[in-house]
Amino acid sequence: MKNKIKIFFASFLLVSVIFSFPGSSDILPNNKVISFNNLEYQIIRDEYGVPHVFAESKVALAFGAGYAIAQDRLWQSDVFRRQATGRMAEIGLATVEYDYWNRLSGYSKQENTELLKEISSPYKEMLEAYTEGINLYISEALADPINKMPFEYIDRGISPELWTEEDSLAIGQMMVRRWGEGGGNELLFAAVLINLIDLNGVLKGWKIFNDVCPQLDPGSDTTLNWSEEFNTPRISILPPYIPDVIIKSAKKIKSFKDQDKNISEALGLLYHFGSNGWVVTPSKSATGNPLLLGGPQMGHSIPQIVVELGMHGAGINATGMTFPGVGPAIAIGVSEWGAWTTTSGLSDGVDTYIEILHPFNQTKYRYKKSWLDMEKRIETIYDSDGNPHEFEIYRTVHGPVLDSSWKFPLGGIAISQKMTFWKNEHLTLEGVMSFQECKNISEFEEGVSKIVSSHNWFWADRNGDVGYYHAGWYPIRPKFGLFFRRIDDRFPLIGTGKEEWLGIVPFDELPQGKNPVEGFYANWNNKPQADWPYAEAEVGPMWGEGHSVVRIQQLLDEDDEITFEDMINICRNVAYHNSYGTYFKPFLLEAIDAVGGIPPEVTIALEQWDCYSNDENEDGFYDDPGLTIFNKWYNKVYDVILVDELGEEVEEFAHSILLHLFQGEESKLKLRYKDYFNGISRDNAIVNALENALTDLENEYGSDNVSDWLTPVKMKSFSELGALSSPEMPNMDRGTYNQVVEMPLWNINNQQESPIAFNVLPPGQNGFVDYYGQPNPHAYDQLDLYINWQFKPMLFNFS
C-alpha cells in the first residue's frame, strides 16, 4: 500500500489553496469582470483551461457556467441535444430509425415545457440563466465565426440554433436514464429462458435458467454488510408460459437497442458504465481526515463525455465534472465543505408490461375491465436531405409502447414499459444540483432523497462524516397477479390492471449508512446489501459472486492508516487487476495438480502470474505468459463445460455460474442442475479446456516455448464526437474522470486549509476546433497525466 507512485502534486499545499495563473491570455481568457443583462461574473481558467466562474448570485454563476461550457463544448452540447430530442438524422449523424427510437421513449418538447414548470427555485432560475449564457456565446460565434464558431458547423455548412431550457432538460433526462436506469430487461430474460428450454427441454431448461439468472445469489458481493449471507427465495416448479409473439417482439426491440447503442458509441455518445468509488472514515485515515475517491466509468470519447467546471460565490464554492448542456450542476466534485461521487445503482425501477389488444382495434387495450384508447402522437423526423418521415408513437397507462403484434379479429399484444422515474427525471437533476452547496451530511442526505434514478452516492465532509446511499425510486410489486400467478420479477407483467405496483419503497428503507465501523464503504456497481431484493436477476459479473469490488474492499480493509497516496494506489491496483484470475486460477492450479499431464513450464507460468496486467519494461507486451495462458483457458472453459447446456448467446452471463460450479458443495448458491460436467470430474473438465488452450497458443505463436507467449498491451482509443482526432493509450480499468480528495477537519474556529483535491480528465478540457481546423491547446493536455497516473489540483480560492 505504500508503493511509490508518480503523482502530480505541483506546489501541493500552495496550489490547493491559491490559484496559480500563467500570463498567457490564451490560458486565461475573460479574466476580468463581465457584465451582461445586469449579471456580473468572472471566468478565470487554470493552467489546464478549466473554467472557474466567480459571481455574487447563483443566477450569475449559472450564466457564466453556460457561457464557459459553450466556449469549450458547444458542438458536443449540440450533438447531445440532437440525440436527446431525436434530431441526429437532420445533419447526417444517424439514421431516421435511430431518432425514432429516441423519440419513442422520450418526451415531446411540449411535455418538457410543462415539466420545466415543476422545477423548484433556485434551480429553475439557474437553468434559465445557464441557457442565456450558452446563447450569448452562440450569438458571438454567429457574429464572429472565424474566431468563435466550432469547426464542425463550418465543415457541415450549418449554424447552431439558439439554446432553450427544454434542450438542457432533455439532455439531463437522457443522462439520468443512461447512468441511472435499472431494470426493464424482462424480455431479455424471457428470450434466455426460451433459448435454454429449446436446448434442454422444459424442466432441465428451467433449472439451468435459475442457475444462470438467479433472483438472489447468496454469494453476491455487497457494499453494506459485505461479510453477510442471504438465502435465495423459493421458485416455482414450472417456468412461466411465454408465447412466440413475445419472443418475436423481444428480438425486434433488441435490434433497435443494439442499433441505438452501436451508432451512439461510434459517434462518441457513450453507453459504457462500470464506475467505482469509495470513502474512508477519519478513524481509518492516516491523518484523521476523511478520504474519497471517485471513478465514474463512462467509456472514452473525444472530447470526453464530461467536462470540468468550478463555481464560486453565493453559497457555492465547488469544482468537479458536469455534463455539457445539462445545466450548472457539478455531478461529481468537491466543495469547501464536502466531496461526493457516484456509481450506477442498477436496481430495478423499470417493468415491462404485456398489454392485451382489442380484437377489432389495435390501438385499444384492456385495463381494469375497460378498453382504453392508447395515447397517440405523430412525430415528424427529417433526414439529411430534408425529407420528412412521419412516425406514430403510442403510450398506455404504463408508458411507451415499444412494439405490438395484432391481427383482426384475433387481437394481439403490445409491449410497454413503466418507469418509476417517468416525467420525474428533473428531481434527480435538482438533487444533484443541491450537492454543490451542501454543508454537511444531513443536507447531502436531503439532496439524495430527491433522486429518482438508480445510483450509489458517496459523501465525505469536514465534520468527519462519511456516508453511502443507494438512491432511487423502486416499485413495490404484488406477490401474486392475474389468475393468482406468482409474480417473478425476471419476466413481464400483464397489463390488465391485476399486476400494478403497490407503491414506492420509502427512502429510509433504501440501503444506506454513515460512518461505518469497518472504516470505509466501496462500490463498483455491485449489489448494495445482502437482503436487497430489487434486481430482476443477480447475473454475474455485475451482481453475482466474484465481483471486482472485493479487491478494493480487501485493500481498504488491510490498511489501518490509509493515506492520500494509498487512495490512488488502490485505484491503480484495481485498474490492472484481473479479478477473473483471482477467482479462477486456484481452481485451475488445483486441477493441474490433480489430473497431471500439463507441461511444468505452463504450471510455473501460471503460479508466477500475480493476476495483474503489467508492462513494467514498457516493451508493448504484458510481462507474464501466465496471463496469456489463463485468458486463453478462460475463453475455452465455456465451450468445454457450458456451451452444450447454455448455447452461444448466454456466455455473457457465465461468470458467476462457472464460479458456483467450480465451488461445488461450498457454493452459497445451490445449483439446481447437477450434470454440467457431463459425467466427468470438475478437474478433468478444467484440464481439457487448458489442453485446448495450449494447442491454440502453440499454433498462434508458432512455438511451444511458454516464455514467448506474451500478450500485446491492449490499447484504448477515444470515440470521435467531432473534429478532434483520437489518441491512443494503454487500457486501464479506471474512471473516465478520476478525483481523489482529503477533507481536512474544521478546527476550533471552523477555519482550515482548503480541501486537498486532485483530479484528471483525459484527453483534455476543451473540445473547440477553430475555423482552420486547429484544436485548442487544452484538447489533449491531460492525456499524459492520465496515462502516467498523475493528477492536477482542483482549485477553490483566488487571491
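## Strands, crossings and hidden spaces

G277 stands opposite G294 in strand 6, and that pair is a good way into this predicted model. From there we'll look at one sheet, two hairpins, a helix crossing and some empty spaces. Helix 8 is worth watching, since it takes part in a crossing with helix 4 and helps line the largest cavity.

**The six-stranded sheet**

- Strand 5 (residues 276-280) runs antiparallel to strand 6 (residues 291-295), and 5 bridges link the two.
- Both belong to an open sheet of 6 strands in the order 25-5-6-30-31-32, with antiparallel pairing.
- Which strands sit at the edges? They are strand 25 (520-523) and strand 32 (792-793), each of which pairs on one side only.
- Helix 14 (residues 549-557) lies across strand 5 and strand 25, and runs at about 160° to strand 25.
- Here's a handy bit of background: strands of a sheet pair through backbone hydrogen bonds, either parallel or antiparallel.

**Two hairpins that share a strand**

- Strand 12 (residues 350-358) and strand 13 (residues 361-367) are antiparallel partners over 2 bridges.
- Just 2 residues come between strand 12 and strand 13 in their hairpin, and H358 stands opposite N361 of strand 13.
- Strand 13 also pairs with strand 14 (residues 370-373), again in the antiparallel sense, this time over 4 bridges.
- That second hairpin has 2 residues between its strands too, and K368 in the turn has a positive phi of about 50°.
- Across from Y367 you'll find its bridge partner S370, in strand 14.

**Helix 4 meets helix 8**

- The axes of helix 4 (residues 109-116) and helix 8 (residues 165-180) come within 9 Å and cross at roughly 95°.
- Angles of 65 to 115 degrees count as roughly perpendicular, so helix 4 is roughly perpendicular to helix 8.
- Helix 4 makes the contact with K109, N112, T113, L115 and L116, while helix 8 brings E165, E166, L169, A170 and Q173.
- Sorted by class, this contact has 4 nonpolar, 3 polar and 3 charged residues.

**Cavities**

- How many cavities of 30 Å³ or more does the structure hold? There are 8 of them.
- The largest cavity has a volume of about 330 Å³, and of its 22 lining residues, W179, F323, A331, T342 and H455 are the closest to the centre.
- Helix 8, strand 9 (316-322), strand 11 (338-344), helix 12 (425-435) and strand 19 (455-461) each give at least two residues to that lining.
- Helix 8 supplies the largest share of the largest cavity's lining, with 4 residues.
- The lining of the largest cavity has 14 nonpolar and 8 polar residues, but no charged ones.
- The second largest cavity holds about 110 Å³ of space, and its lining includes I119, S168, L169 and M433.
- Helix 5 (123-143), helix 8 and helix 12 each give two or more residues to the second largest cavity's lining, with helix 12 providing the largest share, 4 residues.
- By class, the second largest cavity is lined by 8 nonpolar, 3 polar and 1 charged residues.

**The second largest pocket**

- About 1000 Å³ of space lies in the second largest pocket.
- Of the 35 residues lining this pocket, Q215, R486, I487, D488 and D489 come closest to its centre.
- Strand 12, from the first hairpin above, and strand 21 (475-476) each supply at least two residues of the pocket's lining.
- The lining of the second largest pocket breaks down into 24 nonpolar, 2 polar and 9 charged residues.

Terms used
Residues are numbered from 1 along each chain as its sequence is written. This is a predicted model: local features need pLDDT of at least 70, side-chain atom pairs count only at pLDDT 80 or more; totals for chains, interfaces and linings use all residues. Side-chain values use heavy atoms; hydrogens and water are left out. Two strands pair if DSSP finds at least two bridges between them. On a 1 Å grid over the protein atoms alone, a cavity is a set of points where a 1.4 Å probe fits but cannot get out, and a pocket is an open set with protein on both sides within 12 Å along at least five of seven lines; lining residues have an atom within 4 Å of a point. Grid points are joined across faces, edges and corners, and a volume is the space filled by probe spheres set on the points. Ala, Val, Leu, Ile, Met, Phe, Trp, Tyr, Cys and Pro count as nonpolar, Asp, Glu, Lys and Arg as charged, and the others, Gly among them, as polar. Axes are lines fitted to C-alpha atoms, for helices over the stretch in contact, and angles run from 0 to 180 degrees between N-to-C directions. Angles under 35 degrees count as roughly parallel, over 145 as roughly antiparallel, 65 to 115 as roughly perpendicular and the rest as oblique. Contact means heavy atoms within 4.5 Å.
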